[in-house]
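Here are my notes on the model, set out as numbered points. Please read them with the coordinates open.

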Amino acid sequence: MSESAAETCIGCLLWESGRAEIYESVQAHIEKIPLKDRAEDAEYDKRLSYCRACTHLIGGTCMKCGCYPELRAAFRTQRCPAKKW
Ligand code: SF4
């Protein structure tokens, strides 16, 4: 996927937007989150399902707050800036 396509991919998370380097960096950050602070797998998947259907998600970035939802959603206590999860 070209860089411009990745940047404009609406509804794509990092892993499917072609931004492999950033995706790998985000995954490395997630692995460093203590288990007690991480969202459960089912909750994580549910959160990202909301993001994938959200018009604020473009090229793997949440345009509402500028975060990478794959990272934000991994923290148990984090919330969606649009209150979707
Ligand atoms: S506004 Fe919420 S649901 Fe939408 S992409 Fe951002 S974190 Fe995900």
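1. A definition comes first: a residue is exposed if 12 or fewer other C-beta atoms lie within 10 Å of its own, and buried if there are 20 or more. Thr 55 has 10 C-beta neighbours inside 10 Å, so Thr 55 counts as exposed. Thr 55 sits in the loop between H4 and E1. Gly 11 is 44 residues away from Thr 55 in sequence, yet the two C-alpha atoms are 7.0 Å apart in space. Bear in mind throughout that this is a predicted model.

2. Which residues surround the ligand? From the first half of the chain's list come Tyr 50, Cys 51, Cys 54, His 56 and Leu 57, among others. The shell also includes Cys 62, Lys 64, Pro 69, Cys 80, Pro 81, Ala 82 and Lys 84. By class, the shell holds 9 nonpolar residues, 1 polar and 2 charged.

3. Cys 62 is part of that shell. Its place is strand E2, residues 61-62. Cys 62 is buried, because 20 other C-beta atoms lie within 10 Å. Leaving aside neighbours within four places in sequence, Cys 62 is in contact with His 56, Leu 57, Cys 67 and Pro 69. Another shell member, Cys 80, is 18 residues from Cys 62 in sequence, with 9.5 Å between their C-alpha atoms.

4. The largest nonpolar core has 13 residues. Leu 13, Leu 14, Leu 48, Cys 51, Leu 57 and Ala 73 touch the most other members. Cys 51 and Leu 57 also belong to the ligand shell. Not counting residues up to four places away in sequence, Leu 57 touches Ile 10, Gly 11, Cys 51, Arg 52, Cys 62 and Pro 69.

5. Does the length of helix H4 agree or disagree with the expected rise? H4 covers residues 41-52, which makes 12 residues. At 1.5 Å a residue the helix should span 16 Å, and its end C-alpha atoms are 16 Å apart, so the two values agree.

6. Which residues of H4 are buried? They are Arg 47, Leu 48 and Cys 51. These three cover an arc of only 95 degrees around the axis, so they lie on the same side of H4. Ala 42, Asp 45 and Ser 49 are exposed on the other side of H4. The buried residues of H4 pack against strand E1 (57-58) and helix H5 (69-72).

7. Glu 70 deserves a look. This residue is in helix H5. Is Glu 70 buried or exposed? Glu 70 counts as buried, because it has 22 C-beta neighbours inside 10 Å. Its contacts, not counting residues up to four places away in sequence, are Leu 13, Leu 14, Val 26 and Leu 48. Leu 13, Leu 14 and Leu 48 are among the core residues that touch the most other members. Asp 45, exposed on H4, is 25 residues from Glu 70 in sequence and 9.4 Å away in space, C-alpha to C-alpha.

8. Cys 12 is found in the loop between helix H1 (3-8) and helix H2 (14-17). With 21 C-beta neighbours inside 10 Å, Cys 12 counts as buried. Cys 12 touches Ser 17, Gly 59 and Gly 60, not counting residues up to four places away in sequence. Thr 77 is 65 residues from Cys 12 along the chain, and 23 Å separates their C-alpha atoms.

9. One backbone angle should be checked. Lys 83 has a positive phi of about 60 degrees, although this residue is not a glycine. Lys 83 is found in the segment after H5. Where does Lys 83 stand on burial, buried or exposed? Lys 83 is exposed, because 6 other C-beta atoms lie within 10 Å.

How values were computed
Residues are numbered from 1 along each chain as its sequence is written. This is a predicted model: local features need pLDDT of at least 70, side-chain atom pairs count only at pLDDT 80 or more; totals for chains, interfaces and linings use all residues. A residue is near a molecule or strand if its C-beta atom, placed from the backbone, lies within 6 Å of it. Ala, Val, Leu, Ile, Met, Phe, Trp, Tyr, Cys and Pro count as nonpolar, Asp, Glu, Lys and Arg as charged, and the others, Gly among them, as polar. A nonpolar core is a set of buried Ala, Val, Leu, Ile, Met, Phe, Trp, Tyr and Cys residues joined through C-beta atoms within 7 Å. Two residues are in contact if their C-beta atoms, placed from the backbone, lie within 7 Å. Helices (H or I, at least four residues) and strands (E, at least two) are DSSP runs, numbered from the N terminus. The expected span of a helix is 1.5 Å times one less than its number of residues. The arc is that of the directions from the helix axis to the C-beta atoms.
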